[in-house]
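Student: Please pick one part of this model and go through it closely. After that, set it against the rest of the chain, with the cut-offs behind each term.

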Amino acid sequence: MHVQDTHWASATAIAPGGRTMSTAAGAGRADGARTTPLRVDAQRNLEHVLRAAREVFGELGYGAPMEDVARRARVGVGTVYRRFPSKDVLVRRIAEEETARLTEQARTALGQEDEPWSALSRFLRTSVASGAGRLLPPQVLRVGSAGSDEPGTSGEEARVPQQRVQPGSGELRLVPDEPSAGADDAGAGALLDVVGQLVERARAAGELRADVSVGDVLLVIATAAPSLPDAAQQAAASARLLDILLEGLRSRPASASV
């Protein structure tokens, strides 16, 4: 709340030698001292809102109301709307940040791992451990998803919903993503491109099943990052599920197939 300091402008002070001087300059310094904390508070509120949005959307999906975000951030819902005039704007911000984070993780794995399978598995493990899959934009799951190229199957039908926790039950359920949860095309394209390089390298090395697509890899990230009420349980469940999924992605010698 802005505190008016008009009384400072008209006040005078006795200077050495009996001269009088206005304290307007002093008022300016006082206002400056007051505005700095306000700017810091505004930045802190923004950080709280973004952190709360990641948590709430990660737990409940992009369909969660703005009131839940405000409550988690411990600010009024008006504060959230002052920063983000609509829910779509906030959702897009979170989705774009998550897409950029995944892209950086994929680039790191691609640049630091010489072995194709090690690079792909490192990307998957890092992404799942960070909980990135719970905030993946829907369109990156639609692109290249298994079955999306089959006749009569649209990309929307091929998209598999992410795992979420049913509030109050502790049980996992499947909830479709909200259509509004989207990252910009350039960001999504960059993610698909770098993950595509990881996939192609592993496939060319004969370590990845030939039928595995970029969409499948992203789907692994989405499904191997369940949101559970207990952090230790969540970490253990994610690691176990990812081990199983990674085993399913690996190619098998022809003699081993049934």
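Tutor: What follows is a close look at helix α10, and then at other parts of the protein.

This is a predicted model, in which local features need pLDDT of at least 70 and side-chain atom pairs count only at pLDDT 80 or more, while totals for chains, interfaces and linings use all residues. Residues are numbered from 1 along each chain as its sequence is written, and side-chain values use heavy atoms, with hydrogens and water left out.

The protein has eleven helices and four strands. These are DSSP runs numbered from the N terminus, with helices being H or I of at least four residues and strands being E of at least two. Of its 258 residues, 39% count as buried; buried means under 20% relative accessible area, exposed means over 50%, and partly exposed is in between, for a 1.4 Å probe and protein chains only.

Helix α10 spans residues 214-223. Nine of its ten residues are buried, so the helix is mostly covered. The buried ones are V214, G215, D216, V217, L218, V220, I221, A222 and T223.

The N-terminal end of α10 is capped by S213, which has a side-chain oxygen 3.3 Å from the backbone nitrogen of G215. A second link involves the backbone nitrogen of S213, which lies 2.8 Å from a polar atom of the D216 side chain. Both are polar contacts, meaning N or O atoms within 3.5 Å; within protein, one atom must be able to donate a hydrogen and the other to accept it, and residues adjacent in sequence count only if both atoms are side-chain atoms.

D216 also stands out by its charge: the residue is buried but has no salt bridge, and the nearest side chain of opposite charge, R209, is 6.9 Å away. Here Lys and Arg count as positive and Asp and Glu as negative, with His and the chain ends not counted. A salt bridge requires a side-chain nitrogen of Lys or Arg within 4 Å of a carboxyl oxygen of Asp or Glu.

α10 also contributes to the largest nonpolar core, which has 34 residues. Such a core is a set of buried Ala, Val, Leu, Ile, Met, Phe, Trp, Tyr and Cys residues joined through side-chain atoms within 4.5 Å. The residues with the most contacts inside this core are F123, L124, V195 and L218. Along with α10, the elements giving two or more residues to this core are α5 (87-112), α6 (116-129), α7 (138-142), α9 (185-204) and α11 (231-249). α9 gives the most, with eight residues.

V195 shows how α10 is reached from elsewhere in the chain: leaving aside neighbours within four places in sequence, V195 is in contact with A106, F123, V214, V217 and L218. Contact here means heavy atoms within 4.5 Å. Across the protein, 63% of the contacts with a separation of 6 or more are between residues 24 or more positions apart.

A second, separate core of 21 residues includes A53, F57, A70 and A73. F57 is buried at a relative accessible area of 0%, and Y62 is also buried, at 2%. The structure holds one aromatic pair. The ring centres of F57 and Y62 are 5.3 Å apart and their planes are at 50°, so the pair is tilted. Rings of Phe, Tyr and Trp (its six-membered ring) pair if their centres lie within 6.5 Å; planes under 30 degrees apart are stacked, over 60 edge-to-face, and the rest tilted.

In contrast to D216, some charged side chains do pair: the whole structure has twelve salt bridges. One joins E98 and R101 at 2.4 Å, N to O. These two residues are three apart in helix α5, about one helical turn. E98 is buried at 2% relative accessibility, whereas R101 is partly exposed at 33%. Another joins R44 and D41 at 2.7 Å, N to O, and both residues lie in helix α2 (residues 24-60), again three residues apart. A third joins E113 and R122, with the closest N and O atoms 3.2 Å apart. Salt bridges with shared partners also join R54, R93 and E97 into one network.
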